[in-house]
Amino acid sequence: MPLAVFSQSLVARTTASAALLASLLIMIPMVVLIQADVRATRAELAIRAELATKIVLDDVANALWDLDPEEAQAALAPLRSVDAFAEAVVLGSQGERFTLYRKPGSGFLPEQASTTASSSLTHMDRLGNRREIGTLLVRLDATPTNATIRHDVALLSGLGISILLLVVLGVVWAARGVTAPIAAMTRTMTDLAAGDVSVAVPGRHRGDEIGRMATALRIFRQNAIDLRQAKERAEQAVASKAKFMAAASHDLRQPAQSLLMLAALLRTMAKTPDVADTARKIEQVVMNLKQLLDELLEVSRLDAGGVTVTVGTHEIADLFQALDSQFGPVARAKGLTLTVSPLRASVATDRVLLLRLLGNLIDNAIRYTASGSVQLVGMAVGDQILLEVRDTGIGIPEDRLDAIWEEFHQLGNPERNRDNGIGLGLSIVKRLSATLNHPVKVRSILGKGSVFSVAVPVASGRAQPPDPPVALPPPPAPRPATPPPPAALPPTVPPVPTAPPLPAPSPVALTASAGKPEGVAVLVIDDDPFVLNGLSLFLANEGHRVHSVSVADQGVRDVQEGVFKPDVIVADYHLSATDTGIDFINRLWMLLGIRIPAVLISGRLDSEVEQDARAQGITVVPKPIMPDRLSRLVTELPRTH
């Protein structure tokens with residue numbers, strides 16, 4: 001635990017290190033000083049003992065030579081005046097004790113409590129030679145000296161500990177003066193990194209390094225505040241852009257819908273080829289506008305996070321079949337072959353968004369492939385399914401592999417030919433990839449083709465190997481085909497206010513044009529008079545009996561009073577502030593007692609409304625709906641109900 005604290009706290013490490021260093025610097029000199037004092041005191045006692053022996057040395061030697069113990073006792077008597085004297089022992093030449101003189105009043109003294117000095121006793125013999133005749137041992141009592149030593153040691157130790165405590169406290173105070181501001185600024189930086197810009201920066205206004213660090217931290221905090229504000233403004237701008245795009249898309253789809261219907265009507269009623277050709281060009285222009293609106297709106301909603309991902313378990317084979325049905329005719333119309341590699345596996349994904357992502361990749365491959373084939377392949381790689389779209393098209397230069405994901409970036413289309421798209425397809429793919437968390441990668445060889453791969457997680461179990469390849473029937477002769485436009489992702493914001501609409505026309509029943517058989521009875525309702533007239537005139541020209549209203553209550557009254565009995569309902573979703581197309585359809589169903597076929601069209605629908613409508617059996621299509629598709633729906637729906 002202490003090691004963990006030291007490893008994480010600069011304050012603890014610095015304080016402990018400084019205290020330890022100061023302790024060593026104080027304790028080592030104190031220990032050396034105490035040892036020196038002890039040695040000096042003991043050496044002084046030993047010198048005193050040696051001096052004492054020299055005082056009586058000659059007299060004791062004479063007494064020992066004469067073998068007179070009493071004379072030896074008398075010779076040793078002066079030692080009583082020596083401080084700390086305890087006893088003296090005279091030993092013979094063989095080490096035998098000759099005499100013992102002990103200070104009066106003193107008892108037995110252990111050796112560890114005494115200091116002993118010894119001197120050799122010598123005497124001149126009759127021949128004049130000096131002979132060693134014994135040894136004199138003088139013992140001094142070391143008890144007072146030891147007491148003095150202990151006193152000195154205690155005094156020095158107390159003084160050293162006091163100095164040590166003062167030094168340690170000073171070092172800790174100095175260390176915390178350095179480390180505490182750093183620790184406080186570290187906590188502040190941690191809070192800032194976590195996004196808390198309200199944290200206060202520790203006040204430090206000195207000109208030293210820590211003061212400059214505090215100043216830099218305050219600047220960093222202000223930059224973080226500015227960055228957050230800029231981020232909030234950017235998010236608001238993105239939301240405003242999404243709101244604007246949603247409103248603009250809805251408002252532009254209304255006249256686009258009218259233009260499509262009127263252009264189709266003009267084409268069918270044209271009396272000269274030039275007028276018919278002009279009508280077809282108008283339809284193409286409106287379709288280009290529709291595509292631009294769809295893709296701009298989708299980019300805006302993906303950027304604003306307005307797309308909800310609903311993950312479910314889906315079969316790869318079903319996804320591939322849907323893509324083959326949608327894009328197979330388009331590829332064959334261009335003289336290309338679209339092949340699908342079967343794979344039995346389930347993936348966890350959002351079906352609508354993944355189909356949109358893969359559809360953009362396939363559409364892009366068809367656009368940039370002049371001849372050859374486009375392949376849709378699935379491969380099991382670990383716990384993922386790798387979905388690849390391969391083509392034999394123009395390829396992508398290596399230095400442009402990153403740039404292709406940018407908005408309005410196109411290869412080989414410097415003149416901005418709208419037939420090659422508007423340059424938002426791959427940008428939408430990149431955003432859908434991030435939204436779904438399905439990584440997208442690309443590899444390409446210039447002039448030979450490209451491969452786009454999408455990694456999708458396996459839902460459960462393991463992917464089965466693909467079935468053995470089967471021979472595909474030869475493609476039919478190219479025929480013009482227009483794939484159904486992909487449903488635009490519905491916005492989540494209301495439209496911006498627009499100019500007041502023209503007065504709603506009175507309910508009108510239109511009949512089939514002369515020379516055409518009477519068709520289906522269609523009740524059309526839309527609050528926009530231009531859209532209502534365009535839809536009504538087109539359907540009437542197609543041979544259907546049309547009754548148009550702009551107010552829900554009027555339409556219900558006309559049916560209730562028997563003015564018109566519809567076979568099909570074509571309703572706009574936004575009818576008024578309180579009425580919707582779904583409500584209108586349900587009212588007619590309850591009135592008629594049967595669920596007649598109904599088509600719901602709108603410039604914008606959120607996913608919940610769309611799912612609710614489909615769950616009730618209402619066919620949902622986005623505006624602008626192609627005239628041919630509307631005609632097919634009106635003709636075919638009554639047969640399927």
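Tutor: Let's start inside the protein: Ile585 is buried, with a relative accessible area of 0%.

Student: What range of relative accessible area counts as buried, and what as exposed?

Tutor: Buried is under 20% relative accessible area, exposed is over 50%, and partly exposed lies in between, using a 1.4 Å probe and protein chains only. Before we go on, this is a predicted model, where local features need pLDDT of at least 70 and side-chain atom pairs count only at pLDDT 80 or more, while totals for chains, interfaces and linings use all residues. Residues are numbered from 1 along each chain as its sequence is written, and side-chain values use heavy atoms, with hydrogens and water left out.

Student: Where does Ile585 lie, and what is Ile585 in contact with beyond its neighbours within four places in sequence?

Tutor: Ile585 belongs to helix H12. Helices here are DSSP runs of H or I with at least four residues, strands are runs of E with at least two, and both are numbered from the N terminus. Contact means heavy atoms within 4.5 Å. With those neighbours set aside, Ile585 touches Ile569, Ala571, Ala598 and Ile618. You can also check Leu600: it sits 15 residues from Ile585 in sequence, and the C-alpha atoms are 8.9 Å apart.

Student: How many helices and strands does the chain have?

Tutor: The count is 14 helices and 17 strands. Of the chain's 641 residues, 42% are buried. Take contacts between residues at least 6 apart in sequence: 71% of them join residues at least 24 apart. The chain exposes about 34,400 Å², with carbon and sulfur atoms supplying 58% of that area; accessible areas come from the Shrake-Rupley method with a 1.4 Å probe.

Student: On to packing. How are two packed helices described?

Tutor: By the angle between their axes and the distance between the axes. The axes are lines fitted to C-alpha atoms, for helices over the stretch in contact, and angles run from 0 to 180 degrees between N-to-C directions. Here, the axes of H11 and H12 come within 10 Å and cross at roughly 15°. H11 and H12 are therefore roughly parallel to each other; angles under 35 degrees count as roughly parallel, over 145 as roughly antiparallel, 65 to 115 as roughly perpendicular and the rest as oblique.

Student: Which residues of H11 and H12 meet?

Tutor: Ala552, Asp553, Gly555, Val556, Val559 and Gln560 from H11 meet Phe584, Arg587, Leu588, Leu591 and Leu592 from H12. The crossing is right-handed, meaning that the near helix is turned clockwise from the far one by less than a right angle; anticlockwise would be left-handed.

For another pair, try helix H7 (residues 316-333) and helix H8 (residues 351-367), whose axes come within 10 Å and cross at roughly 30°. That makes H7 roughly parallel to H8. Their crossing is right-handed, and the residues that meet include Leu319, Leu323 and Phe327 in H7 and Leu354, Leu358 and Ile362 in H8.

Student: Now charges. What can side chains of opposite charge do when their charged atoms come close?

Tutor: They can pair. A salt bridge is a side-chain nitrogen of Lys or Arg within 4 Å of a carboxyl oxygen of Asp or Glu. The whole structure has 9 salt bridges. One of them joins the side chains of Glu87 and Arg139, N to O 2.8 Å. Glu87 lies in strand S1 (residues 85-92) and Arg139 in strand S4 (residues 130-141), so this pair ties together parts that are 52 residues apart in sequence. Glu87 and Arg139 are both buried.

Student: Which residues meet in a salt bridge at 3.1 Å, N to O?

Tutor: Asp553 and Arg587, through their side chains. The pair links helix H11 (residues 552-560) to helix H12 (residues 581-592), 34 residues apart. Asp553 is partly exposed at 38% relative accessibility, and Arg587 is partly exposed at 32%.

Student: One last feature: what sign of phi do most residues other than glycine have?

Tutor: Negative. Leu67 has a positive phi, near 55°, and lies in the loop between helix H2 (10-66) and helix H3 (69-76). Leu67 is exposed, at 61%. Asn437 also has a positive phi, about 60°, in the loop between helix H9 (425-436) and strand S10 (440-445). Asn437 counts as exposed at 63% relative accessibility.
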